[in-house]
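Biologist: I would like to learn how to read a model of this kind, going feature by feature. Could we begin with a single side-chain contact and work outwards from there?

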Amino acid sequence: MAKVKLHRCSWTFLHTDLDACWRVQKALDEQGVEYEVVKHGFGKGKRPRVEELSGQQKLPVLELQNGEVYREESAEMAERIRAGGIATL
């Protein structure tokens with residue numbers, strides 16, 4: 001699979017499924033997807049790069065090598081990753 005950029009919060013360190021960004025990162029790890037972490041500010045403050053990419057400020061966001069951007073709620077993102085779905089984006 002192509003290398004992707006995982007745009008996620010800076011404070012993903014507890015590694016629990018309560019953390020939306022960790023949920024997606026864990027699914028990428030489980031599927032052996034190569035990715036680069038791009039950290040963004042704490043809390044729900046302004047995230048200009050995320051907004052530029054996806055049109056909104058929520059994380060996580062996946063940026064594919066071809067420039068496509070993928071954003072859903074983290075549970076749906078993780079499910080699609082586990083099903084091999086990011087290869088079809």
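Modeller: Please keep in mind throughout that this is a predicted model. A useful place to begin is Ser74, whose side chain makes a polar contact with the side chain of Arg23 at 2.5 Å.

Biologist: Where does Ser74 lie, and is Ser74 buried or exposed?

Modeller: Ser74 lies in helix 3, and with a relative accessible area of 5% it counts as buried, because the cut-off for that word is under 20%. Leaving aside residues up to four places away in sequence, Ser74 touches Ala20, Arg23, Val24 and Pro60.

Biologist: Which residues does Val24 touch in its turn?

Modeller: With residues up to four places away in sequence again not counted, Val24 touches Leu6, Pro60, Leu62, Ser74, Met77, Ala78 and Ile81. Val24 also belongs to the largest nonpolar core, which has 14 residues, and it is one of those that touch the most other members, together with Val4, Leu6, Leu28, Leu62, Ile81 and Ile86. Two or more residues of this core come from each of strand 1 (4-9), helix 1 (20-31), strand 3 (61-64) and helix 3 (74-82). Apart from this core lies another, of five residues, including Cys9, Cys21, Val50 and Leu59.

Biologist: Two cysteines in one core make me think of a disulfide, so how many disulfides does a search of the whole structure find?

Modeller: A disulfide is a covalent bond between the sulfur atoms of two cysteines. The search of the whole structure finds zero of them.

Biologist: Why is Cys9 not bonded to Cys21?

Modeller: The closest cysteine sulfur to that of Cys9 is the one in Cys21, and because the two are 3.1 Å apart, whereas a disulfide needs sulfur atoms within 2.5 Å, they are too far for a bond. Cys21 is accordingly in no disulfide. Cys9 is buried at 3% relative accessibility, and Cys21 is buried with a relative accessible area of 3%.

Biologist: How should I read helix 1, and which of its residues are buried?

Modeller: One can check its span, then its ends, then its cover. Helix 1 has twelve residues and reaches 17 Å from its first C-alpha to its last, which is close to the 16 Å expected at 1.5 Å a residue. At its start, a side-chain oxygen of Asp19 reaches to within 3.0 Å of the backbone nitrogen of Cys21, while just after the helix Gly32 takes a positive phi of about 70°. The buried residues in helix 1 are Cys21, Trp22, Val24, Gln25, Ala27 and Leu28, and what covers them includes strand 1, strand 2 (35-40), strand 3 and helix 3.

Biologist: Ile86 was named in the largest core, so in which segment is Ile86 found?

Modeller: Ile86 is found in the segment after helix 3 and is buried, with a relative accessible area of 5%. Sequence separation and distance in space are worth reading side by side here, for Ile86 and Val33 are 53 residues apart in sequence and 9.5 Å apart in space, C-alpha to C-alpha.

Biologist: How do the elements run from the N terminus on?

Modeller: The protein has three helices and four strands, and from the N terminus on they run β-α-β-α-β-β-α. Among contacts between residues at least 6 apart in sequence, 52% join residues at least 24 apart. Of the 89 residues, 37% are buried, and the accessible surface comes to about 5200 Å², with 50% of it belonging to carbon and sulfur atoms.

Key:
Residues are numbered from 1 along each chain as its sequence is written. This is a predicted model: local features need pLDDT of at least 70, side-chain atom pairs count only at pLDDT 80 or more; totals for chains, interfaces and linings use all residues. Side-chain values use heavy atoms; hydrogens and water are left out. A nonpolar core is a set of buried Ala, Val, Leu, Ile, Met, Phe, Trp, Tyr and Cys residues joined through side-chain atoms within 4.5 Å. Buried means under 20% relative accessible area, exposed over 50%, partly exposed in between (1.4 Å probe, protein chains only). Contact means heavy atoms within 4.5 Å. The expected span of a helix is 1.5 Å times one less than its number of residues. A polar contact is a pair of N or O atoms within 3.5 Å; within protein, one must be able to donate a hydrogen and the other to accept it, and residues adjacent in sequence count only if both atoms are side-chain atoms. Accessible areas come from the Shrake-Rupley method with a 1.4 Å probe; for residues, only the protein chains shown count as cover.
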